Amino acid sequence: MIKGVINKEMMGLETKFKVNKAAISKEPPVKISKVDIQHVAALAHLNLSKEEEESLARDMESIIRYSIDKLNELDTSGVEPMEHVLSIQNIFREDHLIESLDREELLRNAPVKADGYFTVPKVVEGK
Amino acid sequence: MKGLKSGISNGGTSVELLGLSIMEAAKKLKAREISVSELVSAYQARINKLDDSIGAYISICSEETGHQIERVQKKLDAGEPVSLLAGIPMGLKDNIVTLGILTSCGSKMLSGFIPPYDATVVKRLKENDAVILGKLNMDEFAMGSSNENSWYGFVRNPWERSRVPGGSSGGAAAAVASHMACFALGSDTGGSIRQPASFCGVVGLKPTYGAVSRYGLVAFASSLDQIGPITRNVADCAVVMNVITGHDPLDSTSSNIAYPDYTTFLKDDIKGLKIGIPKEYIQQGLDKMVKTKILAAAKAFESMGAAVTEVSLPLTDYALPAYYLISSAEASSNLARYDGIKYGYRAPNSDDLTQLYKQTRSEGFGTEVKRRIILGTYCLSAGFYDAFYKKAMKARRLIFEDFKRVLNEVDIILGPTTPSGAFKIGEKANNPLEMYLQDIYTVSVNIAGLCAISIPCGRDNEGLPLGMQLIGRPFDEGTLIQAAYAYEKNTG
């Protein structure tokens, strides 16, 4: 495994980079319990088997510990989050008609359909 | 229609045909020394003979290919002006949508998905008369570095069948390396073009974010994904780049700038080019042989007149954790669309909507995809958003600025593509973190939206190909191509 090397020489470089020792010590250890995995799986609409739950909890813990321990070394105070590398603006287009895909063509991939519609299980209460 | 020139039927043995680069084949096709059908048949025969032992293709488009051969040959026979790609047999990674042809993303979830439209890159390839041989295997939804995560089975490295071809564009790199496609298009979110290109001994380019339209590329992490070429040499890479780059109104992140003719950069002259080697890239953790090859490449560049200096990218180690948090967060959002209703797999026997969603997703996604969805959902969930996702995006800005500073001092950055040569199938399959560390040199390029190319730079002790990575300024693929071409000419 490749570990980060932070030596004094690098600290002198003209970057905003500095090691935030305080953050390391203050950061509570990340512990993802099984309950968390169940909660997250529910948010993601996934059913997990017992084995999946256990192995994912283990994987999550190691991946998140590695990631957060590492990132917490960085002092990011005052740094603007970068969602995107391009300076993106909303792009408008002229309001004119263009050809769109055919309804039947689009429905062809639907696993269940009826009368030109997608079919879903009943979602309204009552009979 | 003019008659074919005499001798066309023995325009070359299949070995000779398969050895032709895009430019060579284009020349012979235009002169009608060979026919499109001969060239395509040679590739199809090669696939029939070899692919059972490699597994590069998920589907073969024989019917569509037949029509295309006829159409393109007619144009050539009529002496119409055609593109360099006219009649060239190629393959597409199976996350690039193709009208009427299965686009599975290597997933059970899309194992029956027949798209009703073409991706913009596919439209462009068709306009340029390229011949699509088929769709190439990949890690499920492009998540992986070994091509072991495909629902259609893993791909073997053509150089050594017990090794992985790399991923996620493993089928694309393996097909090009083993002459089962003249070139291929892959996609790269964190190294998925460059790492397999490195493992398979071919050329792979990740274009600058915004240079190639993502319309019709099945989304993994939208702020990082790019389509790019995998080719057998640098000149072919330039030819393919000419066709796939350009503004596309159907992709709102597509950059509306003037794109150069990349073949004008195919000149063997790099005098005065400033190349930086980040000291962090050649520190511990890097395979000794890879390091030797990278330093030898630096020497070769120097002897060609480039100025090679050591530079520092102190944030190198932070790119990987930032990448895995950001890409998984975006993936968890992008993959929310797979619900079993509009297209794709649908779990049988669910009479409750929420259960339908859950069962469909649980049965349709593989383990690695679930792992990333869970990781991403966790990062974005209430209480963790600031500490994880926002923190990663702040790190992203610092990494971006790190590169900006160095790319003000030098024209390109030189380093390894991967920490070692191709590893064994199964070797890292049970340790996701170790697998993720494969991407340590490639992810930062996507994080910062830069362009990078991986080109072969020798072999390791076991004879497996090694690649080096050249990283360039945004939209400066031309300089990468120029440096890579000069290296190839002077060392090949």
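**Exercise 1. Decide whether B:Asn349 is buried or exposed, and describe its backbone.**

Start with the accessibility. B:Asn349 is exposed, with a relative accessible area of 77%. Here exposed stands for over 50% relative accessible area, buried for under 20%, and partly exposed for the range in between, with a 1.4 Å probe and protein chains only.

Next, place the residue. B:Asn349 sits in the loop that links H10 to helix H11 (353-364) of chain B. Helices (H or I, at least four residues) and strands (E, at least two) are DSSP runs, numbered from the N terminus.

Finally, look at the backbone. B:Asn349 has a phi near 65 degrees, a positive value in a residue other than glycine. Most residues other than glycine have a negative phi, and most peptide bonds are trans.

A word on conventions before going on. This is a predicted model, in which local features need pLDDT of at least 70 and side-chain atom pairs count only at pLDDT 80 or more, while totals for chains, interfaces and linings use all residues. Residues are numbered from 1 along each chain as its sequence is written, chains are lettered from A and ligands numbered from 1 in the order in which they are written, and side-chain values use heavy atoms, with hydrogens and water left out.

**Exercise 2. Examine the loop between E3 and H6 of chain B for backbone geometry.**

Begin with B:Phe141, which belongs to the loop between E3 and H6. Its phi is near 50 degrees, positive although the residue is not glycine. B:Phe141 counts as buried because its relative accessibility is 3%.

Then move along to B:Ser168, also placed in the loop between E3 and helix H6 (170-177). The peptide bond that leads from B:Gly167 to B:Ser168 is cis, and its omega is near 5 degrees.

**Exercise 3. Work out what surrounds B:Asn446.**

First, locate the residue: B:Asn446 is part of helix H15 (residues 443-447) of chain B. With a relative accessible area of 1%, B:Asn446 is buried.

Second, list the contacts, meaning heavy atoms within 4.5 Å. Not counting residues up to four places away in sequence, B:Asn446 touches B:Asp188, B:Thr189, B:Gly190, B:Gly191, B:Arg194, B:Lys206, B:Leu224 and B:Arg396.

Third, pick out the polar contacts. The term covers a pair of N or O atoms within 3.5 Å; within protein, one must be able to donate a hydrogen and the other to accept it, and residues adjacent in sequence count only if both atoms are side-chain atoms. A polar atom of the B:Asn446 side chain lies 2.8 Å from the backbone oxygen of B:Thr189. The same side chain also reaches the backbone oxygen of B:Leu224, at 3.4 Å.

**Exercise 4. Do the same for B:Thr316.**

B:Thr316 is found in helix H10 (residues 316-334) of chain B. Its relative accessibility is 9%, so B:Thr316 counts as buried. A polar atom of its side chain is 2.6 Å from the backbone oxygen of B:Leu313. Leaving aside neighbours within four places in sequence, the contacts of B:Thr316 are B:Glu280 and B:Tyr281.

**Exercise 5. Find the buried residues of helix H5 in chain B and their packing partners.**

Step one: in H5 (residues 120-127), B:Thr120, B:Val121, B:Val122, B:Arg124 and B:Leu125 are buried. Step two: these buried residues pack against strands E2 (89-93), E3 (131-136), E4 (183-188) and E6 (226-231), and against helix H8 (234-244). Step three: B:Asp129, just after H5, takes a positive phi of about 65 degrees.

**Exercise 6. Describe each chain as a whole.**

Take chain B to begin with: 16 helices and 11 strands. Its radius of gyration is 22 Å, close to the 23 Å that the globule rule gives for 492 residues, so chain B is as compact as a globular protein of that length. The radius is taken over C-alpha atoms, and the rule is 2.2 Å times the number of residues to the power 0.38. Of the 492 residues, 67% count as buried. Among contacts in chain B with a separation of 6 or more, 75% join residues 24 or more positions apart.

Now chain A, which has 5 helices and 2 strands. From the N terminus on, the order is α-α-α-α-α-β-β. Buried residues make up 31% of its 127 residues. For contacts in chain A with a separation of 6 or more, 51% come from residues 24 or more positions apart.
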